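New to this one? Let's take a quick look around, starting with the whole chain and then settling on one part.

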Amino acid sequence: MELSQYLDIFVEEAREHLLHLNEGLMRLEQKPDDRNAISDLFRSAHTLKGMSATMGFDKTARLTHRMESTLDLVRHEQLSIDSGLISTLLGAVDLLERLVESAASGQESDELQVDELILSLPDGTDDRQVQLEKPAAAGLNEHELVVLQEARSRGWRGQQIEVQLAPGALLKAARAFMVFQRLEQHGEVIKAEPNVTDIEAERFDDRFTVWIVTPSEEAVVLDAIVNIADVAAVQITQLLKDEVAAAVTTQEQDAAFGSRLKTGKTVRVDITRLDRLMNLVSELVITRTRLTQLSKELASNSLADATGQLSRILLELQDEVMKVRMVAVDQVFNRFPRMVRDLSQQLNKQVEFTIVGQETELDRTIIDEIGDPLVHLLRNALDHGLETAEQRQQAGKSKTAHIRLSAYHRGDSVFIEVNDDGRGIDPERVKQKAVQRGTLTRQEAAQLDDEAAYRLLFQPGFSTSDRITDVSGRGVGLDVVATKITALGGRTLVHSVPGEGSTFTIVLPLTLAILATLQVKVGQERYAIPLSVVDQTALIKRQALQDVQGHLSMHYRGSTIPVLNLQELLASKEASAPSEDAFVVVVYRGKRLVGLLVDELIGQEEIVIKPMGRFVDNCPGISGATILGDGGIALILDVMSLV
């Protein structure tokens with residue numbers, strides 16, 4: 001059979017199982033008695049073993065087989081969980097990740113060796129004795145109990161038969177089929193667990209349970225199946241009359257089980273197809289805008305009605321496509337507990353890591369890009385944000401430090417926060433470092449507020465650390481964070497209290513394809529300002545604008561905020577002589593506010609973001625462009641870089 005056509009599916013599913021292994025091992029280290037975690041780990045290792053053996057990837061199959069054996073010992077309480085075992089298993093997962101990535105080319109790397117790691121994983125399956133214990137009549141529904149009672153009235157016996165296959169049996173479904181075939185020669189099977197469909201598809205561990213009614217003695221039934229190849233253990237329990245009467249499962253439980261079988265129907269779709277679908281919807285949005293403008297120009301009620309109907313349908317279509325593209329951030333977040341664990345051990349720090357809001361959804365294109373910025377923030381928090389256990393005790397804190405990674409929606413934006421309870425950032429020390437580097441003069445540094453001082457951390461190469469480590473430095477890598485987040489149309493905020501900790505907040509749009517904007521006119525040009533950064537618009541008299549040290553400012557909500565004249569900043573040609581009235585768009589700059597002076601407010605409009613192209617890409621103050629309803633072009637302002 002030609003297997004190359006299944007290679008992409010194998011790699012994708014293998015990555016999912018490896019992610020589950022990483023998550024499960026981290027959970028097991030925190031809760032060694034978590035039986036569900038042990039079972040999930042065993043199933044993932046077993047499935048990955050079968051997949052890799054089928055594809056002919058011998059190293060992956062051998063390593064996962066040994067992991068499966070080790071986990072089976074844990075599952076049967078013959079091996080205890082400790083940090084050393086978890087580290088060894090995590091090392092095996094790391095090697096498996098490298099093997100799977102090398103297998104993506106069609107062949108496992110010759111440089112990757114598994115023998116040494118296999119020997120380091122405990123094995124002992126040959127000496128294991130498994131005891132199978134379950135309530136005999138548990139799980140039988142009303143219909144099955146009726147069948148059982150009728151059989152007993154004819155003098156037949158009810159039996160629960162638990163079958164344990166040998167570890168590593170490769171033809172589990174075939175062995176199970178032989179067991180069923182032999183049992184049906186001696187009676188009638190009334191139930192199987194897992195169900196027959198799952199057993200045929202090998203969606204079970206090495207164990208399954210069958211309930212039968214039979215006229216035969218227990219020894220006869222046992223003799224019929226115990227000699228089948230790969231059957232390692234069999235236990236038969238008689239279903240007593242009193243047990244049958246007591247074991248009634250409610251109809252609600254059966255209905256709930258049936259509903260679980262019907263949920264979770266999914267289809268794998270290539271992300272490029274979703275990108276193409278989103279692009280087509282974007283083009284429809286542009287066409288809708290054009291039709292809306294035409295209906296106004298022609299004063300046609302019929303065209304306006306048709307356009308309105310189209311708008312409603314398109315809005316629903318746009319919403320559905322957006323939902324299809326939305327992915328929970330846990331796809332990125334779930335890789336960080338392992339990273340925090342390894343780094344905290346490397347740095348000899350006691351850290352409790354918490355994730356909140358992992359179900360928060362973002363556009364797939366953004367999800368793919370936020371991993372690296374979060375890695376930088378977490379590494380900085382671990383290395384230089386947190387103190388050692390001794391330093392924390394001296395400061396009156398608990399030995400165990402805390403880092404929290406959280407995500408939540410607010411309006412049309414998603415906020416991602418990295419919070420630590422470490423030493424915090426001293427703004428005065430940041431200013432001092434900036435003066436030493438020649439970035440600022442002493443006079444300029446003295447005029448900076450705390451927020452402006454924190455933003456110095458995002459300059460390339462800036463660090464407040466006096467030593468260089470191989471992990472990070474508070475500030476090293478933060479320029480990467482700022483650059484990446486700005487490119488995604490977001491912004492980065494910093495809040496810190498010296499001695500208490502720091503919070504780095506990333507604010508991101510829900511999607512990069514369609515953007516809600518405020519349309520304004522500056523001179524003869526039309527611009528779009530993302531609504532996510534707009535606080536309010538205001539109409540004021542030009543006389544109300546004040547000159548403070550050569551810069552425009554205005555009173556706003558009881559305070560004075562700076563005002564930027566976009567006509568000067570963007571070098572736009574004046575459309576006409578300035579009027580006495582002035583329009584100001586108040587936008588966020590971090591947690592501060594800044595006014596943008598414009599000539600005209602056009603209104604809110606959803607736009608389709610179009611890339612600028614490599615010749616004019618990364619132009620300061622401009623993040624992209626959009627096509628207007630009349631075919632013209634409006635530039636999208638990057639407010640953060642403008643300010």
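What follows is a short tour, from the overall picture to a single helix and one of its partners.

## The big picture

Keep in mind that this is a predicted model. The protein has 643 residues, and 45% of them are buried. Its secondary structure adds up to 24 helices and 22 strands.

How do the contacts spread along the sequence? Taking contacts between residues at least 6 apart in sequence, 72% join residues at least 24 apart.

## Meet helix 1

Helix 1 covers residues 7–30, which makes 24 residues. From first C-alpha to last, helix 1 reaches 35 Å, close to the 34 Å expected at 1.5 Å a residue.

Which residues of helix 1 are buried? They are Leu7, Phe10, Val11, Ala14, His17, Leu18, Leu21, Asn22, Gly24, Leu25, Met26 and Leu28. Their cover includes helix 2 (35–55), helix 3 (58–75), helix 4 (83–103) and helix 15 (336–346).

## Helix 1 against helix 4

Let's zoom in on one of those covering helices. The axes of helix 1 and helix 4 come within 10 Å and cross at roughly 165°. An angle over 145 degrees counts as roughly antiparallel, so that is how helix 1 and helix 4 run relative to each other. Their crossing is left-handed.

Who touches whom? On the helix 1 side, the residues in contact include Phe10, Arg15, Leu18 and Glu29; on the helix 4 side, they include Ile86, Leu90, Glu97 and Val100. Sorted by class, this contact has 16 nonpolar, two polar and four charged residues. Among the helix 1 residues meeting helix 4 are Leu21 and Leu25, both of which are buried.

Key: Residues are numbered from 1 along each chain as its sequence is written. This is a predicted model: local features need pLDDT of at least 70, side-chain atom pairs count only at pLDDT 80 or more; totals for chains, interfaces and linings use all residues. Side-chain values use heavy atoms; hydrogens and water are left out. Helices (H or I, at least four residues) and strands (E, at least two) are DSSP runs, numbered from the N terminus. The expected span of a helix is 1.5 Å times one less than its number of residues. Buried means under 20% relative accessible area, exposed over 50%, partly exposed in between (1.4 Å probe, protein chains only). Contact means heavy atoms within 4.5 Å. Axes are lines fitted to C-alpha atoms, for helices over the stretch in contact, and angles run from 0 to 180 degrees between N-to-C directions. Angles under 35 degrees count as roughly parallel, over 145 as roughly antiparallel, 65 to 115 as roughly perpendicular and the rest as oblique. A crossing is left-handed if the near helix is turned anticlockwise from the far one by less than a right angle, and right-handed if clockwise. Ala, Val, Leu, Ile, Met, Phe, Trp, Tyr, Cys and Pro count as nonpolar, Asp, Glu, Lys and Arg as charged, and the others, Gly among them, as polar.
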